[in-house]
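Good morning, everyone, and thank you for making time for this. I would like to walk you through a structure that is new to most of us, going from a pair of helices out to the whole chain and back to one residue.

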Number of protein chains: 2
Amino acid sequence: MVTWENLDKQESYKKLMSLKGQVILKDVLNAERVKKCSVPMAGGLTYNYAAKQVNEQILSVLQSLSDEMQTTEKFQELYEGAMINTGEKRLVLHHLTRGQLGKDVISEGKNKRDFYKSQQDAIAEFVEKVHSGKITNANGEKFTTVVQIGIGGSDLGPRAIYLALEQWARKNNKLKMEAKFISNVDPDDGAGVALSLDLAHSLFVLVSKSGTTQETLANELFVKGFLTKAGLDPSKHMIAVTSETSPLANNPAYLASFYIDDYIGGRYSSSSAVGGAILSLAFGADVFADFLKGAHEADKLATEKDIMKNPALLDALIGLYERNVQEYPSTVVLPYSQALSRFPAHLQQADMESNGKHVNRFGDKVDYVTGPVLLGEPGTNGQHSFYQLLHQGTDIIPLQFVGFIDNQRGEDIEVDGSTSQKKLCANLVAQIVAFACGKSDEDPNKTFDGERPSSLIHGKQLNPESMGALLAHFENKIMFQGFLWNLNSFDQEGVQLGKKLTKQVLAGQVDGALKAYSEIFDI
Amino acid sequence: MVTWENLDKQESYKKLMSLKGQVILKDVLNAERVKKCSVPMAGGLTYNYAAKQVNEQILSVLQSLSDEMQTTEKFQELYEGAMINTGEKRLVLHHLTRGQLGKDVISEGKNKRDFYKSQQDAIAEFVEKVHSGKITNANGEKFTTVVQIGIGGSDLGPRAIYLALEQWARKNNKLKMEAKFISNVDPDDGAGVALSLDLAHSLFVLVSKSGTTQETLANELFVKGFLTKAGLDPSKHMIAVTSETSPLANNPAYLASFYIDDYIGGRYSSSSAVGGAILSLAFGADVFADFLKGAHEADKLATEKDIMKNPALLDALIGLYERNVQEYPSTVVLPYSQALSRFPAHLQQADMESNGKHVNRFGDKVDYVTGPVLLGEPGTNGQHSFYQLLHQGTDIIPLQFVGFIDNQRGEDIEVDGSTSQKKLCANLVAQIVAFACGKSDEDPNKTFDGERPSSLIHGKQLNPESMGALLAHFENKIMFQGFLWNLNSFDQEGVQLGKKLTKQVLAGQVDGALKAYSEIFDI
């Protein structure tokens, strides 16, 4: 049995706190360090931490901290079916959607891996029928577009991954259906998408685990209105992804239903049927299987005790050192890949919703800071935007770069002796060193203090397998940080109060400030 | 003449520092306060600061600070043509693109307002010819799509504004041409867009003030390759927006050229020809003129000394109180409007590139923190994502809500007794109060400490005029904060080092860490 204790109870944490500000990057960053500080990831990716403010001593204490806090033992308990989500009294099983990691997990008499696999198989079978024209619209014509209706985890992850693989799929003849997304309860979102569609050839995927998500149910009916107005039968144009106990399950209002359960948290659901249905419809079930394979390989690495063999754990520990010892309040993700344009938005949810907590898993207030603010935009775009503050602002903000040798579409141009892809990578490389080492100048306005730490995840190309590995890396990093901060990373009580007050506002059962604000909006 | 001094030299700043933590929101936020703490903005918008941690005393000291630091006098110097951008020795004249505010600004014998107006007129004339079919493709067919090629300020602002008005334009028969954007040097960005286009009916707007932006020039040639391959003459499909002294000016490679000058900073260029060309082509010059009108009205309010009549100044001062006195490191923008989905990304540049500085306008290091990290996503989406941390994380992060009574497209549905638009607004209202007042609970995991301050910008509908006002509000807020922190908000030296190192990497003139990183990417 593992022991759940607060971070600041650990001997190695006390030791770590004495190691603040030890590493001066401009003194240590050289070619040898770049080559040495490199840990293999899954999917052909590599995690490089040469430009992080760590040294042998700090890494050794981080290893001790990990051991002392039983991080990988906790992971094992998680994937073998312990009730890790104590607040909601739930298992946490998203890893099982991509493969078996340890002992079978049996819940209510069912093998959970078998359950998740059965849903993947059912989706694959359905998808094959859609792609081959065995399932069509009322006129016997193939569906060409798939539209996800979902919000939060049912939107951000699947959307980010679709965008991440769209150009790769176009290049490799894997784009079976174009995908679109409706999420916001703002009717301009649903109307904007619905009115742009060829409705007769559109298939909608309604995603809500509980079957009660306010925004999603409103958008379902909104979309059904457009379908009906176009003379189409909504039940022939919509499938559902939900839990077996939800009102959407086994419902003749849908062409088919696929299932998840309470052990898959929304923000961790991209590898479940929530991502599986739309991504398999868009790219084919084989592509989704490759994505799962990459994620599963990453999960296997996350079982390693040795932080030099476990990049997610190492990343988590360095992030903790930056947040709690170096006291940096934010973190930035900078993918040098336009395909990853919405991946930071997904990570924003995954990270901030998981570890943005002020009480530990027993409900006691913690005496240390937890999850940082996370933001990010693709490079090189960000260089022409907020990098000014990252380079010369008054706060230090740690950075996470991601880059690939090859682009996805295979189209490029050489200008001034280099291709655009090389320019992209050269910019990335230059930024790492500029952030770390800075530059002195007679003009203080042109002085760069440097000492902005960054890590780099790099690979040959962003493809289904490396995308799966990248996603699982961050999911596991967040999980390990939750273990270290002794949080329940898998509930989200912070979203409940707003929901409750919204209902009161809509019911007109409000007074005071809430009533005055409501009047502003004629509610 | 105004005096430029550091914030911490001001008597009222010392006074302000003694007023930390004075206001407990849950004690003061009531209906009366919501009604009282309201300042009219331009474009029919209103700034409400009821849920900010200020009281009469703090506001009075903020007014004194503003007076002591001569904020509006500095603004007057700026719009009347003083060399406010001392680093680059440039005037700062983006306000003149939307109207005359004070004395004529004459530079090199030219009236600058006349110059900017002449470019607007030239664009309007060109646009009319494109829309009416007087300027067509080689087959005499109308152009249907306009594609901006630009990065940073030439991308984020125009893109955010296009998205902000697209559904409004579709509803009001003002969408003349669909707009797309190519920005990243990642060839997958340009290829992804170019290969999705009906090239024969596409008109490209190449935007680079200097005519030397690496990414933009590479993308220009990339796009020209696609055009040529399609048998089209690039010079008949591309216009340029640049400075009169750039290599792109008066160049037969372009169908037409429109001009800006060095006094329009990239991140402030949406109201110049940089935004004017694409937005006028997309929506018509009359719509762009309404947008400018809203911005100009906002600029006029920014000349008011009384902070109760100057919402941008008030917003700036409250932000400064939050950053320097309350010591909050980040700020979040939360538009409850899908149309504003990319507006936070634009503000990220506008704010973080302007005030992410560590030296004052004389090059001396400042002893206080300056620009905060800025992030944001639209509500209600964000509620299902990172709001958990905002509600229950260990840091307090001030919030900026934006919302409108009416949607743009005019399509809606009533579910459970309320329309989606009402649900959207009810969620916004509920969040303000949840963040401010929190909720106690027996279960500490369900306890909300509250005291998360927020302001609210609200209006009837997001349309060209209110969009202009919204943009100018934030531009002016950022400008005032720059005055208060005594920064040069109009240069961006922090981006130079990366550019320089990139050139070295591409030229192979590197050693050490830079060489080792380059080898990772086969450069």
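Before the helices, one convention: a helix axis here is a line fitted to the C-alpha atoms over the stretch in contact, and the angle between two axes runs from 0 to 180 degrees between their N-to-C directions. Please also keep in mind throughout that what you see is a predicted model.

With that in hand, look at helix α15 of chain A, residues 420–437, and helix α18 of chain B, residues 512–520, which pack at an angle of about 150° with their axes 9 Å apart. Angles over 145 degrees count as roughly antiparallel, and α15(A) and α18(B) are therefore roughly antiparallel to each other. Their crossing is right-handed, and the contact is made by V429(A), I432(A) and V433(A) on the α15(A) side, with A513(B), L514(B), Y517(B) and S518(B) on the α18(B) side.

How, then, are the two chains themselves related? In general, two copies of a chain are related by a rotation about an axis and a shift along it. In this model, chain A is superposed on chain B by a rotation of 180° with 0.0 Å of shift along the axis, at an RMSD of 0.0 Å, and that is the relation of a two-fold axis. The same surface serves both copies, in that 100% of the contact residues of chain A recur in chain B. If you want a residue by which to find the axis, take L375(A), which of the residues of chain A comes closest to it, with its C-alpha at 3.2 Å.

Turning to chain A as a whole, we have 18 helices and 15 strands, and a C-alpha trace that spans about 70 × 60 × 55 Å along its principal axes. A compact globule of 523 residues would have a radius of gyration near 24 Å, and chain A, with 24 Å, agrees with that. Buried residues make up 63% of the chain, and, among contacts with a separation of 6 or more, 75% are between residues 24 or more positions apart.

Let me finish with K439(A), which sits in the loop between α15 and β15 of chain A. Is this residue buried, partly exposed or exposed? It has 17 C-beta neighbours inside 10 Å, so K439(A) counts as partly exposed. Leaving aside residues up to four places away in sequence, K439(A) touches T447(A) and F448(A), and also L497(B) from the other chain.

Methods: Residues numbered from 1 in each chain as written. Chains lettered and ligands numbered in written order. Predicted model: local features only at pLDDT ≥ 70, side-chain atom pairs only at ≥ 80, totals over all residues. Helix = DSSP H or I, 4+ residues; strand = E, 2+ residues; numbered from the N terminus. Rg over C-alpha atoms; globule rule 2.2 N^0.38 Å. Buried ≥ 20, exposed ≤ 12 C-beta atoms within 10 Å, placed from the backbone. Contact = placed C-beta atoms within 7 Å. Least-squares fit on C-alpha atoms with pLDDT ≥ 70 in both. Parallel < 35°, antiparallel > 145°, perpendicular 65-115°, else oblique. Left-handed = near helix turned anticlockwise from the far one by under 90°.
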